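These are my notebook entries from a sitting with one predicted model. I wrote each entry as I looked something up, beginning with a strand and working outwards.

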Amino acid sequence: MGVIDSLGALVKAYPQARVVAFADLSSNMILASQGPQLVTQEYLERLCKEARSSFDDPLFSLALEAYGEPRAAIQLGETELKVFLRSEIEPADALCCTCQHGIDLEGFVRKLHETLESISG
């Protein structure tokens with residue numbers, strides 16, 4: 001299954017997912033995205049920058065010492081939540097997602113992880 005099909009399967013399995021994007025954090029680029037929410041390239045670029053800054057946050061240095069390299073970040077907003085997940089195989093690869101509140105977060109993150117590792121592998 002290709003990247004677009006993999007992202008599409010995520011959106012189909014989790015209708016509360018508004019945007020699921022595959023990013024290369026080293027180049028700050030979204031390489032592919034899927035979802036029912038129409039977004040601009042500028043929106044996708046901001047989403048990628050938010051993922052990158054989440055992983056570069058100074059507080060993550062504390063987590064790094066305690067737990068090792070951070071692989072996931074979640075931002076809770078008033079109208080949505082954002083989930084950022086980095087690959088364990090290729091740390092520059094990441095999935096950047098916006099979702100509605102009420103999504104099965106545990107199941108969604110598990111599926112994101114499986115999808116990302118299959119794309120990166």
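**Entry 1, how covered β4 is.** I began with β4 and found that this strand is mostly covered, since six of its six residues are buried. I then looked at which way the side chains go: Leu81, Val83 and Leu85 point one way from β4, while Lys82, Phe84 and Arg86 point the other way, and all are buried.

**Entry 2, the strands beside β4.** Which strands does β4 pair with, I asked myself, and in which sense? Towards β5, I noted that β4, residues 81–86, is joined by six bridges to β5, residues 93–99, and that the two run antiparallel. Towards β3, I noted five bridges, and here too the pairing with β4 is antiparallel.

I also looked up individual partners, taking Lys82 as my example. Lys82 stands opposite Thr98 in β5, and Gln75 stands opposite Lys82 in β4. For Phe84, the bridge partner in β5 is Cys96.

Following the chain between these strands, I found that β3 and β4 form a hairpin with four residues between them, and that a hairpin through six residues joins β4 to β5.

**Entry 3, the whole sheet.** Stepping back, I traced an open sheet of five strands in the order β2-β1-β5-β4-β3, with antiparallel pairing. Its edge strands are β2, residues 29–34, and β3, residues 72–76, each of which pairs on one side only. I wrote down that neighbouring strands of this sheet are turned by 20 degrees against each other on average, with direction ignored.

**Entry 4, the helices on the sheet.** Next I looked for what packs on the sheet, and I found helix α2, residues 41–56, which touches β1 (17–24), β2, β3, β4 and β5. The direction of α2 makes about 65 degrees with that of β4. I then turned to helix α4, residues 105–120, which lies across β1, β3, β4 and β5 and runs at about 35 degrees to β4.

**Entry 5, one residue of α4.** Last, I picked Thr115, which is found in helix α4. Is Thr115 buried or exposed? Its relative accessible area is 7%, and because buried means under 20%, I entered Thr115 as buried. Leaving out residues up to four places away in sequence, I found that Thr115 touches Ser6 and Leu10.

How values were computed. Residues are numbered from 1 along each chain as its sequence is written. This is a predicted model: local features need pLDDT of at least 70, side-chain atom pairs count only at pLDDT 80 or more; totals for chains, interfaces and linings use all residues. Side-chain values use heavy atoms; hydrogens and water are left out. Two strands pair if DSSP finds at least two bridges between them. Axes are lines fitted to C-alpha atoms, for helices over the stretch in contact, and angles run from 0 to 180 degrees between N-to-C directions. Contact means heavy atoms within 4.5 Å. Buried means under 20% relative accessible area, exposed over 50%, partly exposed in between (1.4 Å probe, protein chains only).
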